[in-house]
Structure formats: C-alpha cells, structure tokens
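Visitor: I am new to this structure and would like to know how its labels are justified. Please take me through a few of them.

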Amino acid sequence: MIDFKIIKTNDDIKILADLAKEIWYEYWPILLKPAQIQYMVEKFQSYNAIKCQIWNEDYIYKIISINGESVGYYGVSAKDKKVWQSSESKIGNYLFLSKLYIKADYRGKKLGRQAFSDIINIAHAKNLDYIYLTVNKYNTNTIKAYEKWGFHTVEEAVTDIGQGFIMDDYIMRYKIV
C-alpha cells in the first residue's frame, strides 16, 4: 500500500534527510560531479536545510512509502510572487514543485505519477492554478515523465547556487484543471 506521510517532526526531518542523501548519491552521478552533489545535498537536502524550508519557507514535504518502507519523497511550496521573467510565466500565485525523488528500485512503477496526483490535490486545496518546477536540462528521462504528466517547458534558467556551481534548468509549468 502506498502512503504519503507529511513531515512534521524533527525525527521525520532526520529520516527525510537520510533518504534524500541516499537517493541523491545514487541518482545524480550520471549528471553531476561528486563535489556538486555533496554541496547540493548539504545546501538543499540536509536536515538543517529541510528544517529551514519547512519552518521558515512554508514547504510541505512528504515521504512516499510502500508497506512502511520509505521509497521516495517530494517537497512543494506555494509561491505568491513572480519568480521568472518571461511574459508567459508571470502568473503570481502557484505551487512550486521543488523536489520529487524516488529510489532506483522503485522508479518506473508509477509512484511519481501517484505522488504528482497528491501534489495536484495540494494545489487544489490552496486554490492555485499552476504548478511550476525546474529540471536539469540533461535529465531527459525525468523531462519525458513531466511532459507525459502534462508539463510544458516555458523557459530556461541558469542559476548560480554558490561555490562555483550552477543549475542549468528548464522551467516547466502544469495548468491545474
């Protein structure tokens, strides 16, 4: 049975940070150098980073579990400002899908799609019209999955994240119906 457990406690955050580290070190070597993975895990996926995002930035994190085993997670945040500059993406309020990761053994089993349905429910509950995300331009399998779910690329973004590292991404949008 699949479950989406909302992260509420410091113990939950610790479990999530450990899961994130495991998945990131397994997945990202195909696209990123080890030093960038280490930096990004610490900056965006560590216990302290996740705790700050939940308590200070109103992120919602959920762990995806199957029969009690943690197999993935996602993080979203409602935004009420115009973040990107192209005219097509100036929309105001939207849900930002910041993270959606699944362990290797569980990819290709439609868990991401089920998580996305849960994310759509969050957007509906917040009365938002769009979901935005950023995805690495070279992460082709993930891009194909997002396109299959109904996302469309609206622009590109190169973001300096510090320590000499950048994120070279597509910005994708999904219209809530």
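**Charges, burial and rings**

Guide: This is a predicted model. We can begin with Asp-18, which is partly exposed, with a relative accessible area of 41%.

Visitor: Why is Asp-18 called partly exposed?

Guide: Buried means under 20% and exposed means over 50%. The 41% of Asp-18 lies in between, so the residue is partly exposed. Lys-14, at 43% relative accessibility, is partly exposed for the same reason.

Visitor: What makes Lys-14 and Asp-18 a salt bridge?

Guide: The closest N and O atoms of Lys-14 and Asp-18 are 2.9 Å apart. The cut-off is 4 Å, so the pair counts as a salt bridge. Both residues lie in helix H1 (residues 10-27), four residues apart, about one turn of the helix.

Visitor: How many salt bridges are there by this rule?

Guide: The count comes to eight. Another one joins the side chains of Glu-22 and Lys-103, at 3.7 Å from N to O. That value is within 4 Å, so this pair qualifies too.

Visitor: Why is the pair of Glu-22 and Lys-103 said to tie together parts of the chain?

Guide: Glu-22 lies in helix H1, while Lys-103 lies in the loop between strand S4 (93-102) and helix H4 (111-125), so the pair ties together parts that are 81 residues apart in sequence.

Visitor: Are Glu-22 and Lys-103 buried or partly exposed?

Guide: Lys-103 has a relative accessible area of 16%, which is under 20%, so Lys-103 is buried. Glu-22 has 44%, between the two limits, and is therefore partly exposed.

Visitor: What makes Glu-26 and Arg-107 a salt bridge?

Guide: Their closest N and O atoms are 2.5 Å apart, and 2.5 Å is within 4 Å, so the label applies. This pair links distant parts of the chain, with Glu-26 in helix H1 and Arg-107 in the loop between S4 and H4, 81 residues apart. Glu-26 is partly exposed at 38% relative accessibility, and Arg-107 is partly exposed at 32%. Elsewhere, salt bridges that share partners join Glu-22, Glu-69 and Lys-103 into one network.

Visitor: How many aromatic pairs does a search of the whole structure find?

Guide: The search finds 15 aromatic pairs. In one of them, the rings of Trp-24 and Trp-28 have their centres 5.5 Å apart and their planes at 45°.

Visitor: Why is the pair of Trp-24 and Trp-28 called tilted?

Guide: Planes under 30 degrees apart count as stacked and over 60 as edge-to-face. An angle of 45° fits neither, so the pair of Trp-24 and Trp-28 is tilted. Both Trp-24 and Trp-28 are buried.

Visitor: What makes Tyr-27 and Trp-28 edge-to-face?

Guide: Their planes are at 90°, which is over 60, so the pair is edge-to-face; the ring centres are 5.1 Å apart. Tyr-27 is buried, as is Trp-28. Trp-24, Tyr-27, Trp-28, Tyr-73 and Tyr-101 form one aromatic cluster.

Visitor: How do you know that the charged end of Lys-175 sits over the ring of Tyr-130?

Guide: The charged end of Lys-175 is 5.1 Å from the centre of the Tyr-130 ring, and the distance limit is 6 Å. The charged end of Lys-137 sits over the ring of Tyr-170, 5.9 Å from its centre, which is also within 6 Å.

How values were computed: Residues are numbered from 1 along each chain as its sequence is written. This is a predicted model: local features need pLDDT of at least 70, side-chain atom pairs count only at pLDDT 80 or more; totals for chains, interfaces and linings use all residues. Side-chain values use heavy atoms; hydrogens and water are left out. Helices (H or I, at least four residues) and strands (E, at least two) are DSSP runs, numbered from the N terminus. Buried means under 20% relative accessible area, exposed over 50%, partly exposed in between (1.4 Å probe, protein chains only). Rings of Phe, Tyr and Trp (its six-membered ring) pair if their centres lie within 6.5 Å; planes under 30 degrees apart count as stacked, over 60 as edge-to-face and the rest as tilted. A charge sits over a ring if NZ of Lys or CZ of Arg is within 6 Å of the ring centre and within 35 degrees of the ring normal.
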